[in-house]
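User: Please take a close look at the part of this structure around the ligand. I am new to it, so explain each term where it comes up.

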Amino acid sequence: MIPYGRQNINEEDIAAVVAVLRSDFLTQGFVVPEFEKAMAKYCNASYAIAVNSATSALHIAYQALGLSVKDEIWTSTITFVATANAALYCGATVDFVDIDLNTGNISVVELKAKLIDREINGGRLPKIVVPVHLGGLSCQMEQIYQLSIEYGFKIVEDASHAVGGVYHGNKIGSCKFSDITVFSFHPVKVMTTGEGGMALTNDYELENKMTRLRSHGIVRDKSEIIKKQSGSWLYQQIDLGYNYRMTEIQAALGLSQLNRLDLFIKKRNNLAQNYEREFSTLPLILPGHQPGCVSAFHLYSVRLDPQRTNRSRKEFFDYLRRNDIGVQVHYIPVHTQPYYQDIGIKGEFPNANSYYSNTISLPLYFDLKKKEQNHVIETVKEFFI
Ligand SMILES: *Cc1c(COP(=O)(O)O)cnc(C)c1O
């Protein structure tokens, strides 16, 4: 079975990991800070905080921005559940905004309409809006940023799919139009640390707060100690934090992978161009483009166009699986999950429902061989004959 995504590991990655295994520190050493510095530099952000998953990064990002039980967070329902779950960890209320059918990303038009509607009806405005860069293509960050100034919300970019992507000349992660950006390094994503994630920001206070929350809420630095005590063994817990630390082993893999990130993006874009060329006449809606953006192409999701074919998604999916193509569906809308139904999520998201009903993600990863991609292309074409 050709999977829809998988990691690329080379000898340098292995050597980097082995070097850590032979060293004194498996955690809390020097490699994590080195990885953070390299990633911050790559993205042109001031700070990067490495953690054990993107889910953890989202959690400490929301908490650092003060999200609590009184607050509401808005995101897209076409995302992995973790985007919303991390807000529930903070006790906050989750609501969704419908998507733009061209990209699958949160719709700026719908976002604006929902903000105006709430304002008129005296409802709660969101404390945080979380644009998810679906498949690796950036949301319309400048417009969302403008709305954030008008309506006073914070922005966390869930860029779990988008490390290495570009928005209007800036690397995703620069946080030019957001407070915090989060990456995932799960093996199926663009680059990997096994499990792992990162939060980037340009705000010193947020960096401080997230660093603390990552490790039990404990501080050691003299400037952060609040009650005067003596002794160089001193540490103080000043917040309720977690153990969300990344290991040195993971950071060594990440640092080594970062050397190839641009290569990964280039290859993924080349593979995507092959699909686009070959599928141009099929009754499929292909991933949308946006001027000034480079998608990281974590996913290559196509949609059956109901205007041009009456074949069902289930039929298409089962057919591809039967032909050894490990397709997947991204994503089942979060608001339809039993847990979210139980907690009483209301609202209609017709674009998201339509997107979900027709979408399938085809194989796209660095090591996908020409022969394998041709098998995918030919098999897809045969479905419509
Ligand atoms: C994968 C993913 C996450 C969670 O990432 P982990 O590193 O597995 O915790 C969050 N949001 C989105 C959109 C994702 O795709």
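Analyst: The answer below deals with the surroundings of the ligand. This is a predicted model, in which local features need pLDDT of at least 70, side-chain atom pairs count only at pLDDT 80 or more, and totals for chains, interfaces and linings use all residues. Residues are numbered from 1 along each chain as its sequence is written, and side-chain values use heavy atoms, with hydrogens and water left out.

There are 15 residues around the ligand, and Thr55, Asp158, His161, Ser184 and Lys189 come nearest; a residue is near if one of its heavy atoms lies within 4 Å of the molecule. By type, this shell holds five nonpolar, eight polar and two charged residues. Here Ala, Val, Leu, Ile, Met, Phe, Trp, Tyr, Cys and Pro count as nonpolar, Asp, Glu, Lys and Arg as charged, and the others, Gly among them, as polar.

Some side chains make polar contacts with the ligand, meaning pairs of N or O atoms within 3.5 Å. In Asp158, a side-chain N or O atom is 2.8 Å from a nitrogen atom of the ligand. An oxygen atom of the ligand lies 2.8 Å from a polar side-chain atom of Ser184. For Tyr331, the distance from a polar side-chain atom to a ligand oxygen atom is 3.2 Å. The protein buries 93% of the 380 Å² that the ligand exposes when taken alone, with areas from the Shrake-Rupley method and a 1.4 Å probe.

Helix H3 (54-64) and helix H4 (82-89) are the elements that give two or more residues to the shell; helices are DSSP runs (H or I, at least four residues), numbered from the N terminus.

Key
Polar contact = N/O pair within 3.5 Å; in protein donor to acceptor, adjacent residues only side chain to side chain.
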